[in-house]
Amino acid sequence: QVQLVESGGGLVQAGGSLRLSCAASGSIFSINAAAWYRQAPGNQREFVAALFSGDSTNYADSVKGRFTISRDNAKNTVYLQMNSLKPEDTAVYYCKVVVNYYGEYAYWGQGTQVTVSS
């Protein structure tokens with residue numbers, strides 16, 4: 001079993017920055033891929049950013065140039081650096097991690113609230 005613990009959310013003014021963390025522990029050899037999604041009230045969950053093996057990345061158009069996804073392999077932790085935040089970035093942010101442990105398995109974090117005030 002794998003546990004994902006998200007942290008780093010909070011309240012920030014427009015133009016500010018936050019860094020979200022998603023730490024994986026348990027039955028895991030490595031993180032093969034990871035992604036961040038977000039869900040605002042009344043909206044469907046939407047893709048934000050993804051990190052693949054070889055460290056290639058992909059971003060939603062709405063966050064390109066402002067958000068950066070990265071990972072620390074030694075800590076089995078994935079990050080989302082969010083700069084130049086806008087009120088429309090307000091949402092619950094979820095990490096999704098694909099781990100390698102005698103196969104590939106996907107897990108979701110519990111979500112962390114990000115609120116950007118205008």
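Reply: Two strands count as paired if DSSP finds at least two bridges between them. Strands themselves are DSSP runs of E at least two residues long, while helices are runs of H or I with at least four, numbered from the N terminus. With that in hand, look at S4 and S9: nine bridges join them, and they run antiparallel. One opposite pair to find is Ala-33 and Val-98, the latter in S9.

Me: Before I go on, what kind of model is this?

Reply: This is a predicted model, in which local features need pLDDT of at least 70 and side-chain atom pairs count only at pLDDT 80 or more, while totals for chains, interfaces and linings use all residues. Residues are numbered from 1 along each chain as its sequence is written, and side-chain values use heavy atoms, with hydrogens and water left out.

Me: Which strands pair with S9 in the antiparallel sense over three bridges and over five bridges?

Reply: As a general idea, strands of a sheet pair through backbone hydrogen bonds, either parallel or antiparallel. Here, S9 pairs with strand S11 (residues 112-117) over three bridges, in the antiparallel sense. On that side, Ala-91 stands opposite Val-114 of S11. S9 also pairs with strand S10 (residues 104-108), again antiparallel, over five bridges. Lys-96 has Trp-108 in S10 as its bridge partner. S9 and S10 form a hairpin with three residues between them, and Tyr-102 in the turn has a positive phi of about 55°.

Me: In what order do the four strands of the open sheet stand?

Reply: The order is S1-S3-S8-S7, with antiparallel pairing. Strand S1 (2-7) and S7 are the edges: each has a single partner strand, so one side of each is left without a neighbour in the sheet. On average, neighbouring strands of this sheet are turned by 15° against each other, direction ignored. (Axes are lines fitted to C-alpha atoms, for helices over the stretch in contact, and angles run from 0 to 180 degrees between N-to-C directions.) To practise, follow S7 and S8, joined by six antiparallel bridges, and find Ile-69 opposite Leu-80 in S8.

Me: How many disulfides does a search of the whole structure find?

Reply: In general, a disulfide is a covalent bond between the sulfur atoms of two cysteines. The program calls a pair of cysteine sulfur atoms a disulfide when they lie within 2.5 Å. The search finds one. The partners are Cys-22 and Cys-95, with sulfur atoms 2.0 Å apart. Distant parts of the chain are linked this way: Cys-22 is in strand S3 (residues 18-26) and Cys-95 in strand S9 (residues 91-100), 73 residues apart. The torsion about the S-S bond is about 55°, so the disulfide is right-handed.

Me: Is Cys-22 buried or exposed?

Reply: Buried means under 20% relative accessible area, exposed means over 50%, and partly exposed lies in between (1.4 Å probe, protein chains only). Cys-22, at 0%, is buried, and Cys-95, at 1%, is buried too.

Me: How many salt bridges does the structure hold?

Reply: A salt bridge needs a side-chain nitrogen of Lys or Arg within 4 Å of a carboxyl oxygen of Asp or Glu. The structure holds five. Arg-38 is a good place to begin: its side chain meets that of Glu-46 at 2.6 Å, N to O. Arg-38 also forms a salt bridge with Asp-89, where the closest N and O atoms are 2.9 Å apart. That pair joins distant parts of the chain, with Arg-38 in strand S4 (residues 30-39) and Asp-89 in the loop between strand S8 (77-82) and S9, 51 residues apart. Both Arg-38 and Asp-89 are buried, whereas Glu-46 is partly exposed at 36%. A network of salt bridges links Arg-38, Glu-46, Arg-66 and Asp-89.

Me: What does Val-48 touch?

Reply: Contact means heavy atoms within 4.5 Å. Val-48 lies in strand S5 and is buried, with a relative accessible area of 1%. Not counting residues up to four places away in sequence, Val-48 touches residues including Trp-36, Phe-67, Leu-80 and Tyr-93. The C-alpha atoms of Val-48 and Tyr-93 are 8.9 Å apart, although 45 residues separate the two along the chain.
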